[in-house]
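Reader: I would like a close look at a single part of this model, taken slowly and with the geometry spelled out. Please choose one helix and follow its contacts outward into the rest of the chain.

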Amino acid sequence: MTLHGAESPAGLLLAAGEGRRLGRPKALVELDGERLVDRGVRTLREGGCSPVLVVSGAAQVEVIGAVVVPNPAWRGGMGSSLRAGLDALPPGCPAVVVALVDQPRVTAEAVRRLIAAYEEGARVAVATYDGAPRNPVLIACEHFGAAAEAAEGDAGARSFLRARPDLVTGVPCGDVAAPDDIDTPADLEAFSRRTRR
């Protein structure tokens, strides 16, 4: 039971991009024998999110333990995926944790910290690393509309967060997670080397 009722925050994994610089959709990339989309869903579920939604686009995916939300407008950028995901949240959803499929070093503990901040009263909570805000991001339900309205191009929730700094609670996560993303084949090789070690 949270302070805001019995419902848990939902998880929303944005996984619609084609991975142009990588050469293939990031959702289908395997790291340590696990697709990035499955890894992202697992992270959100283990962090306490329920249900978990995955916004798909360039690659149609099936994911155990998640509701897949197709985004026909995925070429319009991450903003269109955020809007599609927010629109698909179940009625009464109290909050949502938004994560990106290409950040495999985000951990369940980072997600738990955002939810804990929400339970303590934060209405928008952002994971920070060395003081810099990155992902994931938790948004309480009363701000879903404003976040969707501000989501344009590849900015995702960034425009909304910058427009309302008074709402944002930074949650330090650098000791348990990292926001490094996989954009290129070299990035993927570096991640693969790290997991092998």
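Author: What follows starts from helix α3 and moves outward to the loops, bridges and backbone features around this helix and elsewhere in the chain. The coordinates come from a predicted model, and each statement below should be read with that in mind.

Helix α3 spans residues 108–119, and a convenient starting point within the helix is Ala 110. Is Ala 110 buried or exposed? Its relative accessible area is 0%, and because the limit for a buried residue is under 20%, Ala 110 counts as buried. If the neighbours within four places in sequence are set aside, the residues in contact with Ala 110 are Cys 173, Val 176 and Ala 177. A further relation is one of distance: Pro 136 stands 26 residues away from Ala 110 in sequence, while the C-alpha atoms of the two are 7.8 Å apart in space.

Pro 136 deserves a remark of its own, since the peptide bond that joins Asn 135 to Pro 136 is cis, with omega at about 0 degrees. This proline belongs to strand β8, which covers residues 132–140. A cis peptide bond is also found between Ser 50 and Pro 51, where omega is about -5 degrees; Pro 51, however, is placed in the loop between α1 and β4.

Returning to α3, one may ask how this helix packs against α1. Helix α1, made of residues 36–46, meets α3 at an angle of about 45 degrees, and the two axes are 7 Å apart. The pair is therefore described as oblique, and the crossing is right-handed. On the side of α1 the contact is made by Thr 43, Leu 44 and Glu 46, and on the side of α3 by Ala 108, Val 111 and Arg 112. By character, the residues of this contact comprise three nonpolar, one polar and two charged.

Helix α3 also holds a salt bridge within its own length, between Glu 109 and Arg 113, whose closest N and O atoms are 3.3 Å apart. The two residues are separated by about one helical turn, because they stand four residues apart in α3. As for their surroundings, Glu 109 is partly exposed at 29% relative accessibility, and Arg 113 is likewise partly exposed, with a relative accessible area of 22%. Over in the direction of α1, a salt bridge joins Arg 42 to Glu 34 with the closest N and O atoms 2.8 Å apart, and Arg 42 is partly exposed, its relative accessible area being 33%.

A further bridge involves the loop that leads from β6 to α3. Asp 102 forms a salt bridge with Lys 26, and the closest N and O atoms are 2.8 Å apart. The pair ties together distant parts of the chain, for Asp 102 sits in the loop between β6 (95–100) and α3, whereas Lys 26 sits in the loop between β1 (10–15) and β2 (30–31), with the two positions 76 residues apart. Asp 102 and Lys 26 are both buried. They also take part in a network of salt bridges that links Arg 21, Lys 26, Asp 102 and Asp 183. Across the whole structure, the search finds 13 salt bridges.

Strand β6 enters the picture at helix α2 as well. The buried residues of α2, which runs over residues 78–88, are Gly 79, Ser 80, Ser 81, Leu 82, Ala 84, Gly 85 and Leu 86. The elements that cover these buried residues include β1, β4, β5, β6 and α4.

Two loop residues may close the survey, each with an unusual sign of phi for discussion. Which backbone value does Asp 32 take? Its phi is near 55 degrees, which is positive although the residue is not glycine; Asp 32 is placed in the loop between β2 and β3, and is exposed, with a relative accessible area of 63%. Asp 130 also has a positive phi, near 50 degrees, and is again a residue other than glycine. This aspartate lies in the loop between β7 and β8, and its relative accessible area of 87% makes Asp 130 exposed.

Notes. Residues numbered from 1 in each chain as written. Predicted model: local features only at pLDDT ≥ 70, side-chain atom pairs only at ≥ 80, totals over all residues. Heavy atoms only, no water. Salt bridge = Lys/Arg side-chain N within 4 Å of Asp/Glu carboxyl O. Buried < 20%, exposed > 50% of the residue type's maximum accessible area, 1.4 Å probe, protein only. Axes fitted to C-alpha atoms, helices over the stretch in contact; angles between N-to-C directions. Parallel < 35°, antiparallel > 145°, perpendicular 65-115°, else oblique. Left-handed = near helix turned anticlockwise from the far one by under 90°. Contact = heavy atoms within 4.5 Å. Nonpolar A, V, L, I, M, F, W, Y, C, P; charged D, E, K, R; others polar.
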